[in-house]
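Got the structure open in your viewer? Grab your mouse, and let's walk through it one selection at a time.

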Protein chains: 2
Amino acid sequence: MKRKIDIDPPLILEAFTPYRLNKAAEAVSHRFASLYRDQYGLTRPEWRTLATLGQFGTMTATAIGTHSSMHKTKVSRAVLALEQRRWLLRKRDETDRRVENLVLTPAGRKAYLDLVKVAHDFEAELLQQLGPRGAAALKNGLEALEKLAG
Amino acid sequence: MKRKIDIDPPLILEAFTPYRLNKAAEAVSHRFASLYRDQYGLTRPEWRTLATLGQFGTMTATAIGTHSSMHKTKVSRAVLALEQRRWLLRKRDETDRRVENLVLTPAGRKAYLDLVKVAHDFEAELLQQLGPRGAAALKNGLEALEKLAG
DNA sequence: CCAATTTAGTTGCAATTGTGACGATCTATT
DNA sequence: AATAGATCGTCACAATTGCAACTAAATTGG
């Protein structure tokens with residue numbers, strides 16, 4: 001005679017959405033990071049800073065942090081590293097002297113444009129590997145997630 | 001008269017799939033981590049170790065690392081922490097004395113079951129917030145991603 | 001106008017993580 | 001059985017990160 005089993009169902013980690021999401025994101029990030037690390041010796045905070053500055057032009061460190069979800073000390077160190085490579089310049093804001101307006105140098109912009117190509121190629125290959133259905137699903141899923149936390 | 005503009009299109013970070021994926025995963029992970037951190041003082045490696053052991057029963061540190069994508073030193077430290085809480089026991093394998101077979105204690109299993117409930121609740125709320133379409137899309141997208149890197 | 005509060009960015013310190021080397025043990029080859 | 005190579009887990013050390021305190025400058029409110 002069968003009876004009800006009253007153990008809690010254990011958690012299947014491979015089916016747990018936060019875990020799956022995290023693992024997938026880490027795998028993708030890691031593959032992309034190896035490109036800019038191997039080709040340019042950039043760290044992830046440095047890449048994000050470069051990408052944000054390249055996208056928006058002149059910008060402050062705080063704005064970069066807000067926009068790319070990085071702590072201000074991370075941004076501070078990334079800015080220092082990029083400055084030492086001569087990829088960006090700091091300009092004191094004349095009307096608010098606490099602020100530094102950051103701008104890419106020509107060398108910084110050139111590296112940025114190179115990396116934009118690397119990024120676009122990487123994404124294109126990723127989406128192609130996912131196939132049209134997988135790519136569309138992923139984008140829709142991400143969109144739904146983004147609507148939650150902002 | 002219009003003419004072709006020949007600048008590269010800049011990268012829009014908010015539309016770049018690896019970035020979106022990473023940001024979404026971090027937001028979700030962080031929200032979930034705050035639950036087990038606040039309620040049990042667990043770190044992420046500790047939670048993952050507990051969850052893997054709870055799911056599979058007796059297991060070695062190396063197997064935990066392989067299964068949950070953690071470096072072996074991370075696992076080693078998480079195991080030490082869980083051992084000190086008396087949530088797991090190490091048993092030397094008799095046939096291979098390099099190996100430690102790890103098992104949850106009753107206290108460890110109780111904590112695990114509590115956290116399984118927290119995890120299930122968290123996931124249910126997440127999926128509910130995403131709505132049926134968003135949740136399905138996310139799952140399909142993750143499935144497509146998992147088929148790539150394994 | 002001045003004190004209190006807020007903001008931008010940096011720095012020192014502590015915690016977390018990754019790397020490489022290590023001792024111990026097992027396996028494979030001769 | 002003896003040597004060489006692989007594997008398990010740990011440790012010491014270096015690099016990365018986060019937090020809190022700090023300087024300098026702007027803003028707010030009496």
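Start by selecting α2(A), a helix that is mostly covered, with 10 of its 13 residues buried. This is a predicted model, so keep that in mind at every stop. The helix runs over residues 44-56 of chain A. From its first C-alpha to its last it reaches 18 Å, close to the 18 Å expected at 1.5 Å a residue.

Which residues of α2(A) are buried? Colour them one after another: Glu46(A), Trp47(A), Arg48(A), Thr49(A), Leu50(A), Ala51(A), Thr52(A), Leu53(A), Gly54(A) and Gln55(A). Then step just past the end of the helix and click Gly57(A), which takes a positive phi of about 75 degrees.

**Next stop: Arg109(A)**

Keep Gly54(A) on screen and add Arg109(A), whose side chain reaches the backbone oxygen of Gly54(A) at 3.2 Å. Arg109(A) itself lies in helix α5 of chain A. Leaving out residues up to four places away in sequence, Arg109(A) touches Gly54(A) and Leu104(A).

Is Arg109(A) buried, exposed or partly exposed? Its relative accessible area is 35%, so it is partly exposed. If you'd like a distance to try in the viewer, pick the C-alpha atoms of Arg109(A) and Leu88(A): they are separated by 8.7 Å, with the two positions 21 residues apart along the chain.

**Salt bridges within the chains**

Now switch to charged side chains. By the rule used here, the count over all chains comes to 18 salt bridges.

Stay in chain A and select Glu83(A), Arg90(A), Arg92(A) and Glu100(A), which are linked in a network of salt bridges. Zoom in on one pair from that network: Glu100(A) and Arg92(A) have their closest N and O atoms 3.7 Å apart. Glu100(A) is partly exposed, at a relative accessible area of 23%. Arg92(A) is partly exposed too, at 47%.

Then go back to α5 of chain A and show Asp121(A) with Lys117(A), whose side chains meet in a salt bridge at 3.0 Å, N to O. How are these two placed along the helix? They are separated by about one helical turn, because they sit 4 residues apart in α5. Asp121(A) counts as partly exposed at 43% relative accessibility, and Lys117(A) counts as partly exposed at 48%.

Hop over to chain B for another pair. Asp114(B) and Lys110(B) form a salt bridge at 3.1 Å, N to O. Both lie in helix α5 of chain B, 4 residues apart, about one turn of the helix. Asp114(B) is partly exposed, with a relative accessible area of 28%, while Lys110(B) counts as exposed at 52%.

**Where the chains meet**

Time to show both chains together. How many residues of chain B are in contact with chain A? There are 56, and they meet 56 residues of chain A. The area buried between the two chains is about 5,100 Å², and carbon and sulfur atoms give 65% of it. Highlight Leu11(B), Thr17(B) and Arg20(B): together they supply 12% of the area that chain B buries against chain A, more than any other three residues.

Leave Arg20(B) selected and add Glu146(A). Their side chains meet in a salt bridge at 2.8 Å, N to O. Across the interface of chain B and chain A, the rule finds 4 salt bridges. There are also 18 residue pairs in polar contact between the chains.

Which helices should you colour on the chain B side? α1 (17-40), α2 (44-56), α3 (61-68) and α5 (106-149) of chain B each supply at least two residues of the side that touches chain A. The largest share, 23 residues, comes from α5(B). Colour that side by class and you get 31 nonpolar, 13 polar and 12 charged residues.

**Last stop: Leu148(A)**

Finish with Leu148(A), found in helix α5 (residues 106-149) of chain A. Which residues does Leu148(A) contact, apart from its neighbours within four places in sequence? They are Arg31(B), Leu126(B), Gln129(B) and Leu130(B). Leu148(A) counts as partly exposed, at 31% relative accessibility.

Conventions. Residues numbered from 1 in each chain as written. Chains lettered and ligands numbered in written order. Predicted model: local features only at pLDDT ≥ 70, side-chain atom pairs only at ≥ 80, totals over all residues. Heavy atoms only, no water. Contact = heavy atoms within 4.5 Å. Buried area = accessible area lost by both parts, 1.4 Å probe. Polar contact = N/O pair within 3.5 Å; in protein donor to acceptor, adjacent residues only side chain to side chain. Nonpolar A, V, L, I, M, F, W, Y, C, P; charged D, E, K, R; others polar. Expected span 1.5 Å × (residues − 1). Buried < 20%, exposed > 50% of the residue type's maximum accessible area, 1.4 Å probe, protein only.
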